[in-house]
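I opened my notebook to look up a few spots in this structure. Come along if it is new to you.

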Amino acid sequence: MNLFKIDDPKVLRQLNQQEIQPRWRRWDDQLNVMAPPMIALARVQAASGCALLIADDVRKDWARALEQPTANIAVRGGADQIAYVRDALRNWLMGVLGNLQPDKQLIPRPMRIGHTNFLYITRNSNSTGLARRCGEQLIGDLLKDGESSVRAASLLAEGAASDSEAAERIREQYVKNPKLTRLMWLALSLGANEATTESVRAREHGDVLNLLKSHDWKVMEMAASYLGCLEPEKLGELLTPLVESSNDSLELVAALWLARGRPLSANARARVGRLVGSKQDILAASAARWFAGADDVTDDELQAVWKAGEFQPLDSSFFTATLELVQRPDIGDRLLENARNSFKATFQAQQARHALAAAVLIGRADANDLTVALDKLTGARATPKLAAQMAEMFSGCKELSEDAMDKFEKRLFDSDASVRDVYMDALRECDNTLKLKIAKAAIKANAPDEDEAEEGSSEGSDEDAGNKAASSLPKHAALARIALKGVLAGAGDGAALDEIIKAVEGDDAEMARAAGAAYVDAFDGDALFNALEELNNRADITNAGLAAMEGYLAVCRRAARDKDRVMFRKAYGVAINMPLLNRNYQQRQLLMNLQGEMATVDAKDRKDQTLPPDPVLTRSDVDVK
């Protein structure tokens, strides 16, 4: 008890109501899992980060719940918030175990050990002395063999981690006694140092491979931490038999994920090539991810992945893994012709073909490719991921054909705001000289006659003419004009900046909001935040608050798209506390949705992640042999 500090209520305790109270909830925050029970529970644990500990006296009822052919678990809220996960598991248990007496019902109780939350499954009547009983069970489990010991070690290590001397003593004891498996799991849970890694490498590894069959996500994560200590060649050698012949979908996903790019036998590698065609998304994604890490991908393997990826949904894990593969410079050069053929195919915004093609053509696109991309952008406007990939194709673009220039100018003044937005994103990616050329040409081509009549006049009359022109334009054209003026102002055009400021100071709320968003192009870095702060404090301007709010929201949108956490936090911290935002439900919900995306961006983007963030499987066997 003293070694792991679990006799200290600050280290091991039940969470109180205030601690488990949900912090926020996006309107679309939910996780619906329908799969065999063990896989469903693995998904819930992976998505939430909460381990499950089953009390000894409820194991019989828990085993009965796992005997059901399918589990339907609905997390009505963010899976990272323990209250929603607790409620989902409680509802599932009540559904599968029938009408048990109230005191016999199984209740998931939120607990904390160290800095880690977990759920302790106990009877409803067993609430007294919970922390003490939980600690005693963890110590008892540690002294057992197999999965129970591994799970207990992972949790107990969280208690020992609060005392650096105790943690270091455990690592030293393991190095001195490398045959004591429970010490090894404790040392690995505390973070493997060089001595621990060497001790792990020196032992036999067969018992650890068996843990990948456990289906308990915490146990599988511990096995992954162990296998991460091994040399690449040894790891590939150990995982080859599983990749070759495992028919357990969760075990195979874990093996493929851990084997990423590691050397495999010819038979194992051939099976990976077949698995990219699996109907189970995470299996196909894990196979594509293996190729993304491999040094030598053959033409046949590459074509198999490309063919499967072209028709996958944009929101699939397989698309994310394939995107990583095709963005490799050596791979992209080999797929150039495939990408151009994909652009010629029938446009399907929800399929991956055009997004993959755009990823390949970034930095490789010629004038014809960009002309085709300009046509496709309109259809991509409702699919942000696709629109972002296609906009990036224009990165550094210095020249466009006359036909492409004409399309750009017209679409920047389209009556549909969503169309204007995607073309503005593409414009911002262009080389600065071309960007200014397009912006000026678009403003001139869509200006009323009086704007042109004032050409050649003095600077002051130019400004008056611009204001007159803006006021006589249709609303959508006036909004497009002010957005382009932001681009010009960012290049040092003082008259353009004056026009933006006058729009902010005007009585038209919609124009003021557009001008506030244009600040993001007109200013940069600290100057942008200083300008927005000054604007937000202008009590003498009717729509100053609206304009500032739109500016902060524009910063958040771009930061979320670019995965810039620093910029996002800086703008989010101001925007979320603005009184105007509290009265605008839609804008507040948009901001919170962006916050939810940023909260998970690190987990989704880590290439060295030990196991997938969400093993989305619907069956326990493998559909591709």
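My entries cover a histidine, a strand and a cavity.

This is a predicted model, where local features need pLDDT of at least 70 and side-chain atom pairs count only at pLDDT 80 or more, while totals for chains, interfaces and linings use all residues. Residues are numbered from 1 along each chain as its sequence is written, and side-chain values use heavy atoms, with hydrogens and water left out.

**Histidine.** I looked up His205 and found it in the loop between α9 (194–201) and α10 (206–211); helices are DSSP runs of H or I with at least four residues, strands are E runs with at least two, and both are numbered from the N terminus. His205 is buried, at a relative accessible area of 6% (buried is under 20%, exposed over 50%, partly exposed in between, with a 1.4 Å probe and protein chains only). I then checked its contacts (heavy atoms within 4.5 Å): beyond its neighbours within four places in sequence, His205 touches Val200, Tyr226, Leu230, Lys234 and Leu238.

**Strand.** Next I followed β2 (residues 31–35), where side chains alternate. Leu31, Val33 and Ala35 point to one face and are buried, whereas Asn32 and Met34 point to the other and are not. I saw that β2 and β4 (residues 71–75) run antiparallel, joined by five bridges (strands pair if DSSP finds at least two bridges between them). Ala71 in β4 is the bridge partner of Ala35.
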